[in-house]
Each structure stands twice: as structure tokens, then as C-alpha cells.
Amino acid sequence: MHLIESALSENHRAVRDRADAFATDVVAPRAGEIEATDEFPRDVIEEAGERGLLGLLLPEEYGDLTTDFLGYCLTVERIAAESGAVSETVQGHTFAALPIARFGTESQRERYLPDMADGTAVGAMLLTEPDAGSSPSQLGTVAEATDDGYRLTGQKAFGTNAGVADVHLVVARKRPQPDDSHGVSVFLVPSVEDASGFEFDRVEYMGMRGHVTGDSTLDDVAVPAGNLLGEIGGGFRIAMGTIDMARTGLGAIGVGLARAAFDDAVAYAVDREQGGSPVGEYQAVQVLVADMYQQLAGARHLVYSSASAIAAEQGDTRASSAAKLAGSEAAEFVTRNAIQIHGGKGYRKGMPVERYYRDAKILSIIGGTSEIQRTTIAKETLGL
Ligand SMILES: Cc1cc2nc3c(=O)[nH]c(=O)nc-3n(C[C@H](O)[C@H](O)[C@H](O)COP(=O)(O)OP(=O)(O)OC[C@H]3O[C@@H](n4cnc5c(N)ncnc54)[C@H](O)[C@@H]3O)c2cc1C
């Protein structure tokens with residue numbers, strides 16, 4: 001169940017091999033410990049950077065290997081098959097680095113991108129607020145203009161890598177609001193340690209343990225004028241400019257989790273005997289295996305086709321929403337039934353399948369919930 005080899009370029013194969021070596025040699029041996037301790041695996045992220053996996057989508061000067069969006073999806077899919085937390089950390093970091101690469105000034109790019117590419121600096125995008133989730137246009141965080149910059153005040157909810165990041169892309173509304181621009185803007189806020197008035201409370205989640213997110217409070221946090229990313233009022237375009245990629249990438253993470261659960265379930269169904277037969281010989285189990293395969297393969301095709309379209313600069317919103325929706329649903333369906341096939345052992349703490357199941361659940365919420373993806377697909381289809 002792979003992409004037809006001939007559809008992959010030399011570059012895709014090189015990226016896939018590198019991601020495979022990282023996932024096998026670095027992530028797999030650490031996945032259980034990351035889950036058990038819930039500690040942010042900074043050294044694993046640094047190793048991803050050292051191996052060139054954090055600069056894949058950045059301009060060539062920031063890494064020895066760059067690729068297109070399909071290469072990126074192959075990478076996060078492979079990492080997710082070992083650790084959802086590490087893949088989600090890489091995804092959150094990537095979608096903080098990309099806006100800097102696209103909209104940053106030369107000096108902002110020079111300041112942040114080399115360290116973000118080699119993993120010594122981690123990035124986070126803080127858009128969501130306690131009262132602004134699925135409808136992020138109602139943001140309450142403000143950036144008061146001062147003589148030499150801005151002072152940010154407000155609350156942000158969630159935000160992958162928030163608190164452990166070295167650079168936070170904070171979406172806020174400039175005050176006073178310019179006459180010609182009513183939109184929000186993006187401000188580069190340093191680490192919690194380096195920004196007075198910036199506090200972060202980590203919140204524990206049911207899955208993706210080791211990946212960090214929580215509640216951020218900005219209380220009159222001063223940033224210099226040079227920390228405005230892009231233009232005043234251009235924040236929504238920056239935050240949403242990579243949304244098709246971000247959604248497709250989340251779909252790829254879902255495919256990675258589903259694939260790991262599927263492989264474990266198939267091996268178990270062949271191995272485990274009950275009533276004198278391997279459980280995989282019972283038709284009821286075969287139905288589960290067939291439905292799991294169908295969901296996984298379908299999601300993978302949607303993700304690869306959206307990723308290939310983005311790589312060819314022909315990405316479209318409906319295709320990326322469908323990729324994200326399918327990847328999330330496949331992840332939930334396949335991981336749930338992988339536990340089912342493992343019987344009582346699947347429900348046991350410490351079994352990879354129960355971790356995959358808890359990790360998978362977040363995918364139908366982040367980056368736009370499944371309800372929002374369905375609404376988007378329907379609106380695009382109906383021309384609304
Ligand atoms: C682990 C984790 C990591 C995250 N990472 C980030 C990050 O890096 N950056 C960031 O900015 N945010 C991040 N988020 C926030 C995430 O994107 C939001 O949680 C998500 O967009 C949903 O918003 P909400 O939680 O406020 O739910 P709500 O918007 O309050 O939704 C509640 C329910 O109502 C439904 N609903 C709401 N509006 C509509 C509508 N118009 N049509 C149909 N149904 C609707 C939703 O589908 C959902 O079922 C993260 C969240 C988590 C849990």
C-alpha cells in the first residue's frame with residue numbers, strides 16, 4: 001500500500017529514506033519514554049534539524065535537502081507512525097517557520113530561519129483564543145502601538161509548542177486600528193523567558209503526550225517594531241496562507257498513525273489464536289481488517305493527491321479539507337479497531353495501539369474541526 005514508486009521523484013525517495021532513518025533510529029526507541037514522561041523531546045527535535053528534516057520546505061540556503069509538499073507529507077507520515085507527539089511538534093514548528101520564510105523581511109529570515117531549520121529554535125503559531133476557536137476572526141488580543149514598537153495584551157488558547165518555543169507568531173489586532181486596514185496582524189514574540197509579561201500554563205491532554213500546548217497570557221508584552229511580520233492588517237492572510245498545506249499535513253499524520261495501528265493489528269490477527277485458529281481467520285475480524293484497509297488506503301490517496309496538487313501549485317481548499325477529514329477519520333477508525341483486534345491486551349496501558357488511539361483523537365479538532373472541514377467541502381462544492 002505505497003505510492004506507485006514511479007510517481008516518486010529521486011528527491012522524494014531521498015527525503016523518504018532520510019525520514020525513515022530518523023523515525024527508525026531516533027524516534028522509535030524514544031516513543032515509549034516520551035509518552036511515559038510527557039516531557040518535551042527537545043533533543044529529538046534538534047536531531048530532526050541536524051538531519052535536515054526541519055528545513056525541507058524552506059529556501060535552499062537553510063538546509064542541504066529541500067523538497068516539495070509531497071516530500072513533507074511523506075516525512076510527517078513516517079514520523080507519526082512512530083510518535084504522534086513528535087510529528088505534531090514538527091508540524092507546529094513547520095507552520096511557524098513557513099510564514100517567516102514567506103512574509104519575513106531579510107533580517108527576520110536571517111534571525112530566525114537558520115536556527116529553526118537546524119532545530120535549535122522551535123516555533124509556534126498562536127492564533128486560537130479562549131473565545132475564538134472555529135471562528136478566529138473574533139480575536140481579542142491587541143497590540144498597542146508605542147513609539148518604538150508594540151505592547152501585546154491578551155490570551156491565547158492551545159498553540160502547539162507554545163511555551164517551549166523560541167519564537168511565537170502571535171496574531172493580534174493593532175491599536176489604534178488604521179483607517180485603511182481592519183484586519184489582524186502577526187507579531188514575533190520571543191520565548192517565555194525572554195518576554196516580560198508572557199506567561200504560559202501547560203495543560204495535560206489525553207494524547208500526543210510529550211507535545212506541548214496550553215494557555216498563554218500576554219500582559220503588556222513589549223516587542224520592537226521590527227517584530228511585525230508582514231504588513232499591519234495582513235495577519236489573517238499570513239495565518240491562513242498555509243492552511244491548505246497545514247490541513248493536508250495533518251491528514252498525513254493521521255495516515256501515519258493509522259498505518260502503524262493497522263500493521264500492529266494485522267500482525268496480531270495472524271499471531272493470536274483462539275478456539276484453535278488465528279483470530280484473523282474469523283470472518284468478523286476479516287471485516288474489520290477490510291474496512292480498516294479501505295479507510296487507510298482512501299485517506300492516503302486523498303492526502304497524496306492534495307499534497308501533489310500543492311506541490312504543483314494547484315492545491316485547492318476542498319481537496320485539502322477532504323485530505324484532513326479523511327486522514328483524521330481513518331486514524332480514529334483504524335486505531336479504535338486495532339484495539340478491538342487486540343482484545344483486552346489492546347486496552348492495556350503501555351500498548352502502542354492504545355497510544356495511537358488517544359493520539360488520533362486530536363486530529364479531528366486541530367487545524368479546523370471535522371465539522372468545519374465538512375462545511376468547507378460542502379461550500380466549495382455548492383459554490384456558496
Ligand atoms: C492539542 C491541540 C493543539 C493545538 N494547536 C494549535 C496551534 O498550534 N495554533 C492554534 O492557533 N490553535 C491550536 N489549537 C486550537 C485548535 O485549532 C482549536 O481547538 C480548534 O480550531 C477548535 O476550536 P475550539 O476548541 O475553540 O472549538 P469551538 O470552535 O468552540 O467548537 C466547538 C464545537 O462546535 C463546532 N463548531 C464551531 N463552529 C462551527 C461552525 N461554524 N460550523 C459547524 N460546527 C461548528 C466545532 O466543530 C466543535 O464541535 C490546538 C488545539 C489542541 C487541542
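**Helices, packing and backbone in a predicted model**

Student: Let's start with helix H4, residues 84-103: how far apart are its end C-alpha atoms?

Tutor: Happy to, and bear in mind that this is a predicted model. Helix H4 has 20 residues, and a rise of 1.5 Å a residue leads to an expected span of 28 Å. The helix in the model agrees with that expectation, since its end C-alpha atoms are separated by 29 Å.

Student: Is H4 largely enclosed or exposed?

Tutor: A residue counts as buried when 20 or more other C-beta atoms lie within 10 Å of its own. In H4, 17 of the 20 residues are buried. The rest of the structure therefore surrounds this helix, and H4 is largely enclosed.

Student: What distance does helix H9 reach from its first C-alpha to its last?

Tutor: H9 covers residues 317-342, which makes 26 residues. At 1.5 Å a residue, 38 Å is expected. The model comes close to this, with a reach of 37 Å.

Student: How many residues of H9 are buried, and which residue just after H9 takes a positive phi?

Tutor: H9 is mostly covered, with 22 of its 26 residues buried. Just past the end of this helix, a phi of about 60 degrees appears, and the residue that takes it is Gly-343.

Student: At what angle do H3 and H7 pack?

Tutor: A helix pair is described by the angle between the two axes and by the distance between them. For H3 (residues 69-80) and H7 (residues 243-271), the axes are 7 Å apart. The crossing is right-handed. Its angle is about 35 degrees.

Student: How do the residues of that contact divide into nonpolar, polar and charged?

Tutor: On the H3 side, the contact includes Phe-69, Tyr-72, Cys-73 and Val-76, while H7 contributes Met-245, Ala-252, Ile-253 and Leu-257 among others. Glu-77 and Arg-78 of H3 take part as well, and Gly-249 and Gly-256 are among the residues from H7. The division is 11 nonpolar, 3 polar and 2 charged.

Student: Which residues are joined by a cis peptide bond?

Tutor: Most peptide bonds are trans, so a cis one deserves a look. The place to look is the loop between strand E4 (167-175) and strand E5 (185-190), where Pro-176 is found. Omega is about -10 degrees for the bond in question, which joins Arg-175 and Pro-176.

Student: Asp-38 and Asp-220 have a positive phi; is Asp-220 buried or exposed?

Tutor: Phi is near 60 degrees in Asp-38 and also near 60 degrees in Asp-220. Asp-38 lies in the loop between helix H1 (10-37) and helix H2 (42-50), and its 15 C-beta neighbours inside 10 Å make it partly exposed. Asp-220 is found in strand E7 (residues 214-224). The cut-off for an exposed residue is 12 or fewer neighbours, and Asp-220 has 11 inside 10 Å, so it counts as exposed.

Student: To finish with the whole protein, what is its radius of gyration?

Tutor: The protein holds 11 helices and 10 strands, and its C-alpha atoms fill a box of roughly 80 × 45 × 40 Å along the principal axes. Buried residues account for 51% of the 384 residues. For a compact globule with 384 residues, a radius of gyration near 21 Å would be expected. The protein agrees with that, having a value of 21 Å.

Technical notes. Residues numbered from 1 in each chain as written. Predicted model: local features only at pLDDT ≥ 70, side-chain atom pairs only at ≥ 80, totals over all residues. Axes fitted to C-alpha atoms, helices over the stretch in contact; angles between N-to-C directions. Helix = DSSP H or I, 4+ residues; strand = E, 2+ residues; numbered from the N terminus. Left-handed = near helix turned anticlockwise from the far one by under 90°. Contact = placed C-beta atoms within 7 Å. Nonpolar A, V, L, I, M, F, W, Y, C, P; charged D, E, K, R; others polar. Expected span 1.5 Å × (residues − 1). Rg over C-alpha atoms; globule rule 2.2 N^0.38 Å.
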